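Subject: Structure for you to look at

Hi,

Here is the structure I promised to pass on. Please open it beside this email. My notes follow below.

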Amino acid sequence: MSKGMKRIIIGGIVVILVAGGFWLALKGASAPDIEKTSEDTYITENNDNSGTTDNSDAEGKTGLAHESAKDAEIDFSVLKRENPDIFGWLYIPGTNIDYPLLQSEEADDYYESHDAYGKQDEAGALYTELANLKNMCDFNTVIHGKTLADGGMFSELYRYADTDFMKEHENVYLYIEDNLLTYEIFAAYQREDSSLIRTYDFTYLSGCQQFLDDLYGTRVMGKNIKEGWEDVTPYHFLITLTTVSREDPGKQYVVVAALVQDAAGTIDRIVTE
């Protein structure tokens with residue numbers, strides 16, 4: 001029997017309420033208030049944090065507890081009970097990228113071979129390294145994800161080589177506790193498969209500037225940089241999405257986005273010369 005439907009026994013006669021309209025009325029009465037913040041992106045208020053997870057209507061949803069940025073059902077209290085390493089949720093409308101974001105204290109590459117539950121899985125999960133702050137206040141937060149044969153995780157990053165695709169899918173939404181961050185994708189290119197975190201010291205202005213100099217100055221076939229984004233500085237806040245090339249294991253494909261909206265106004269840092 002569906003959730004919210006009641007069996008009423010009157011005078012020994014059992015009446016089962018199965019009318020679809022009555023069920024919808026009950027559901028609507030308990031629905032949370034939803035505030036639209038941008039196209040296809042919502043923040044849900046008055047979430048039930050009772051600790052129970054209802055999987056009865058899970059079809060078509062993603063996430064550990066069937067959360068999805070598409071349907072505004074990201075509940076960090078639930079996610080952290082599933083896995084305390086989860087600190088964010090990454091969503092790019094119009095793509096398959098709608099996944100939790102993790103950071104392991106055990107090893108930087110732990111989620112290269114474990115799923116978001118922490119179980120062994122060669123598909124891995126989306127993750128950042130310990131060198132990056134989980135409050136997203138670094139100059140450049142590097143987010144790793146695998147390219148999979150079924151098109152999951154970061155497989156669609158390669159589509160940003162196409163200028164039209166980038167324009168049509170330029171917004172990245174990153175949910176962290178008590179905040180929603182909006183980034184705009186402005187660059188996509190292939191580079192050597194080496195660690196960005198270890199190549200550039202993003203804690204100093206010089207390291208940040210070197211990353212930008214290489215991004216703009218290095219000639220790479222197929223590099224896609226959006227017009228109007230030629231003046232990014234070390235004072236911006238970036239995320240770089242990375243995945244290993246399908247064609248060449250020695251290469252990685254990177255998609256770079258800059259912060260354009262900080263809903264809670266908490267993203268800040270001191271830039272060290």
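Start with T242. Setting aside neighbours within four places in sequence, T242 is in contact with V142, I143, H144, G145, F154, L157, L196, Q252, Y253 and V254. Keep in mind that this is a predicted model. T242 is in strand β12, which covers residues 238-244. T242 counts as buried because its relative accessibility is 4%, and buried means under 20%.

One of those contacts deserves its own look: V254. V254 is in strand β13. Its relative accessibility is 1%, so V254 counts as buried. Beyond its neighbours within four places in sequence, V254 touches A187, A188, Y189, R191, L196, T240, L241 and T242. L196 is on the contact list of T242, and L196 is on that of V254. V142 is a useful reference point too. The C-alpha atoms of V254 and V142 are 9.5 Å apart, with their positions 112 residues apart along the chain.

**Nonpolar cores**

The largest nonpolar core has 33 residues. Within this core, L90, M136, Y183 and L241 touch the most other members. At least two residues come from each of β5 (86-91), β6, α3, β9, β10 (179-192), β12 and β13 (251-262). To see one of these members in place, go to L90. Leaving out neighbours within four places in sequence, L90 is in contact with I97, D98, Y99, L126, I143, F154, V172, Y173, L174 and L241.

Apart from the largest core lies another one, of 19 residues. V142, C208, W229 and V254 are among its members.

**Salt bridges**

How many salt bridges are there? The count comes to seven. Three are described here.

Take R198 and D108. They form a salt bridge, and their closest N and O atoms are 3.2 Å apart. R198 lies in helix α4 (residues 196-199) and D108 in the loop between β6 (98-102) and β7 (126-127), so the pair ties together parts that are 90 residues apart in sequence. Is R198 buried or exposed? R198 counts as exposed, at 56% relative accessibility. D108 is partly exposed, at 25%.

R198 also forms a salt bridge with E129. Here the closest N and O atoms are 2.7 Å apart. This pair links distant parts of the chain as well: R198 is in helix α4 and E129 is in the loop between β7 and β8 (140-144), 69 residues apart. E129 is buried, with a relative accessible area of 7%. Put together, D108, E129 and R198 are linked in a network of salt bridges.

Now E170 and K226. Their side chains meet in a salt bridge at 2.7 Å, N to O. E170 is in the loop between α3 (163-168) and β9 (171-176), and K226 is in the loop between β11 (224-225) and β12. The two are 56 residues apart, and the pair links distant parts of the chain. E170 is partly exposed, with a relative accessible area of 24%. K226 counts as buried because its relative accessibility is 11%.

If you have only a few minutes, look at two places. One is the network of D108, E129 and R198. The other is T242 in strand β12, with V254 among its contacts.

Best wishes

Note on methods. Residues numbered from 1 in each chain as written. Predicted model: local features only at pLDDT ≥ 70, side-chain atom pairs only at ≥ 80, totals over all residues. Heavy atoms only, no water. Helix = DSSP H or I, 4+ residues; strand = E, 2+ residues; numbered from the N terminus. Buried < 20%, exposed > 50% of the residue type's maximum accessible area, 1.4 Å probe, protein only. Contact = heavy atoms within 4.5 Å. Salt bridge = Lys/Arg side-chain N within 4 Å of Asp/Glu carboxyl O. Core = buried A, V, L, I, M, F, W, Y, C linked by side-chain atoms within 4.5 Å.
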